[in-house]
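The following note is offered to a colleague who wishes to review the model point by point. Please read each point beside the coordinates.

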Amino acid sequence: MRGPRAALALLLAAAIAPRPARPHPQCLDFKPPFRPPRGLAFCRRYAEFGCCDPRRDRALLQRFYRLSAGLDERTYAACAGHLQDLLCQECSPYAAHLYDAEDPSTPVRTIPGLCPDYCSQLWHSCRSIFRSLSAEPELIALENDLAKFCRYLSLEDTDYCFPRLLADQKLNQNLGRVTAGAEGCLQLCLLEVANGLRNPVAMVHANDGTHRLFIAEQLGLVWTYLPDGSRLEKPFLNISEAVLTSPWEGDERGFLCIVFHPKFKFNGKVYVYYSVEVRYEERIRISEFRISPSDMNTLDHGSERIILEIEEPASNHNGGELLFGDDGYLYIFTGDGGMAGDPFGTFGNSQNKSALLGKVLRIDVNGNERGPLYRIPPDNPFASDPSARPEVYAYGVRNMWRCSFDRGDPLTREGKGRLFCGDVGQNKYEEVDIVEKGKNYGWRAREGFSCYDKKLCANSSLDDVLPIYAYPHKMGKSVTGGYVYRGCESPNLNGLYIFGDFMSGRLMSLKEDHATGQWQYNEICMGTGQTCMFPGLINNYYQYIISFAEDEAGELYFLSTGVPSATAPHGVVYKVVDTSRTAPPGKCQVEPLPVKVKSKRIPFVPKEKFIMKTPPRQKSTTPRGGEPQTPLTPAVDGAGGAPGSRSGAGGAPGSRSGAGGAPGHRGSAAEPEQRRRKKPPGNGSVRLMRRGRRGRARGRVEIFIDGEWGTVCDDGWGSPAAAVVCRQLGFPFAVRAAKKAEFGQGSSLRILLDDVQCSGQERTLLECAHAGVGTHNCSHEEDAGVVCSREEVTQ
């Protein structure tokens, strides 16, 4: 029997009464199911979608051969099919339910949960196969009593028992597709990546194979995050003294963007976009920095070269995006200069091709060590127009906030190079555009699809490009452009353009209809019920969506805050996760190049919590005037719920994990209907990740600290520490302290404790001396375990 390897346990609802089944596909490793990369030879029922890859399928086939070899000819003819069915339930997309793996307080079953009628049939015709499948003494003791035997093999949630679940339409319709609510709201989940940030405006990667993330704060600091989630204590960049911003909520000035040169690995160049004040004049500045020759995680602050400065007539509409295209050129996205209605000149800055404001600019910064700081790409659309600035690539934009290039379909490369932008509206509409060379995007003549300046809008020479999507201010008042998902881990999302709104907190998506060329809208909401009940995932976020980001592998993130002030440390970075279907094991694995670290590492400690209960839908409380509002109380939207009801940290206590009490078994034959009450774990709670037997418990030790489960290394691990763990679990005796991952490696978890030294009298391992939470010099090959007993034994 394959138990869950190195995974977090999940806490189910605290209700006592049985509930109707809600689809919650989950594998024994606590991960979502997947489509195998190749067909399965043995468990063919799950070849399209399930929990087994070809390697696991072969292992189950070999086990079938071993077990069936002991059957006589008559028994084989009658029971081999049943034996195959039972073995293959490990491949079922509902394997975690079938084997009771979701409940950390119970051992994982050796036989999947059976429906009573099916169990009775097997008991009469194929009873002998159960001994080959399981050596559980409790089961063997009951094998001559049909009623108790089948009660022991039953499931509390009868909707999931085998084979009934195969015919349950509710559990099998749309299996493997993105979960959608009644109103079509796509239910996704989140993984917290970073927190405590002051208005995180951007997150980028260096595209150098290290898979580092660089997160910029509006104040002018950029932080390095390593692949293990830790942050370096020394900032990658700190120009906070030069950056112009303020603590006012909603101030649009500040450090706005950072981008790495496509050849950063070779030239060490990085470009930034920020607000400055020069002789009482506000400007936006685009500068070039180089990497420090002595530290690959720090820029040389003395290397700054100002590439371009543009005067800002007002303090808002500062633009703030930098991108490198596949052509190797630098794209710069500026705002229209501020105030309302682009009041500058006859037709405004945006329609004036001789102004750099309200534009998409494109310049060539390659080979600028000598000569000009930048050159004009020869194919820029207005390079030969004496009445236009040659830097202009596209015009008629109001204040584009967050743009991205489409990486293209991973297989066909369809869509590669398309430039998507969110353009913030004026009074009525927000829009999403696909930007093309030389095109006019309509502002101030048009806002979204509607006329804003009616006289200018009627001008036949306008020839403007309409957005691919626009939405009214009852849905949101400040669009935040996103990305077309092209990552590996969530294949259902491929081709979906995901974006948001800063004011309302809505997450939204667009999908291209290739037959019509139109873009179909679907709102995105946080998973309700069990949708997000997977290790480490949450289903809530802070309302003010500031930016979106991709990591080096193409996975999607967004950055938001609860207080939109450059000095408020309430910003969080979230990774977007679709739990309805994941990629096959190993397909998305990356091997980051080594990073030489000279600064202290600060371990990441997640703070956001999974929220179990879903409040009633609420109407949006976004203010009419467009000013930022006080963050709402923590809540989770229902499907299609009003975005104003979403918020983040400070919500309900984490509810993904089991209590730290004594491990139980599935219940005695005399008390089959008793449902265990499950409590959220307390700080320092422990659990064992392996099956025990009556009166004993053995397994890898996992500990719950500050909202997450993690492992304990065996440096200094001994009998006193084992005694503390066993006592926490309700066992008076510690038989043995197990070392060197004897009970498996918890490789999907963080190592939370190392060098644990106990006297044996402490109440929890946290009271013992240790190296510090998250500080360790060991690997998962040294994960600690224990063997506990209710009776004093020698071993």
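1. Two cis peptide bonds deserve inspection, and the loops that hold them are given here. R444 is situated in the loop that runs between strand 17 (429-435) and strand 18 (446-447). The bond leading into this residue, from W443 to R444, is cis, and its omega is near 10°. The other case is the bond from F162 to P163, also cis, with omega near 5°. P163 belongs to the loop between helix 7 (146-152) and helix 8 (164-167). As the model is predicted, a reviewer may wish to look at both bonds directly.

2. In overall terms, the protein contains twelve helices and 35 strands. Of its 795 residues, 59% are buried. Taking contacts between residues at least 6 apart in sequence, 64% of them connect residues at least 24 apart.

3. The largest nonpolar core comprises 66 residues, among which F255, I258 and L330 touch the most other members. Strand 8 (residues 269-278) supplies the largest share of this core, namely seven residues. Setting aside neighbours within four places in sequence, I258 has contacts with V204, A216, V222, F236, V270, Y271 and V272. A second core, separate from the one above, has 53 residues, and F42, L60, L67 and C79 are included in it.

4. Helix 1 (residues 54-68) and helix 2 form one helix pair, with axes that come within 11 Å and cross at roughly 150°. Angles over 145 degrees count as roughly antiparallel, and helix 1 and helix 2 are therefore assigned to that class. The crossing of helix 1 past helix 2 is right-handed. On the side of helix 1 the contact involves L60, R63, F64, L67 and S68, while helix 2 contributes Y76, A80, L83, Q84 and L87. Sorted by class, the residues of this contact are seven nonpolar, two polar and one charged.

5. Helix 2 (residues 73-87) also packs against helix 4 (residues 116-125), at an angle of about 135° and with the axes 11 Å apart. This angle makes helix 2 oblique to helix 4. Here the crossing is left-handed. The residues that meet are C79, H82, D85 and L86 from helix 2 and Y118, Q121, L122 and S125 from helix 4. The contact of helix 2 with helix 4 is made up of four nonpolar, three polar and one charged residues.

6. Which residues of helix 12 (residues 719-728) are buried? They are A721, A722, V724, V725, C726 and Q728. The buried residues of this helix pack against strand 30, strand 31 (696-705), strand 33 (733-738) and strand 35 (785-789). After helix 12 comes G730, which has a positive phi near 95°.

7. Two residues other than glycine may be checked for their backbone angles. D463 is not a glycine, yet its phi is positive, at about 45°. D463 is placed in the loop between helix 11 (454-457) and strand 20 (469-472). With a relative accessibility of 66%, D463 counts as exposed, because the cut-off for that class is over 50%. K740, likewise a residue other than glycine, has a positive phi near 55°. The loop between strand 33 and strand 34 (750-753) holds K740. The relative accessible area of K740 is 62%, so K740 is exposed.

8. S292 and K609 may be considered in turn. S292 is part of strand 9 (residues 281-292). Is S292 buried or exposed? Its relative accessibility is 15%, and S292 therefore counts as buried; the cut-off is under 20%. Not counting residues up to four places away in sequence, S292 touches T298, L299 and D300. K609 lies in the loop between strand 29 (601-602) and strand 30 (686-688). At 23% relative accessibility, K609 is classed as partly exposed. The C-alpha atoms of K609 and Y541 are 9.6 Å apart, and the two residues are separated by 68 residues along the chain.

How values were computed
Residues numbered from 1 in each chain as written. Predicted model: local features only at pLDDT ≥ 70, side-chain atom pairs only at ≥ 80, totals over all residues. Heavy atoms only, no water. Helix = DSSP H or I, 4+ residues; strand = E, 2+ residues; numbered from the N terminus. Buried < 20%, exposed > 50% of the residue type's maximum accessible area, 1.4 Å probe, protein only. Contact = heavy atoms within 4.5 Å. Core = buried A, V, L, I, M, F, W, Y, C linked by side-chain atoms within 4.5 Å. Axes fitted to C-alpha atoms, helices over the stretch in contact; angles between N-to-C directions. Parallel < 35°, antiparallel > 145°, perpendicular 65-115°, else oblique. Left-handed = near helix turned anticlockwise from the far one by under 90°. Nonpolar A, V, L, I, M, F, W, Y, C, P; charged D, E, K, R; others polar.
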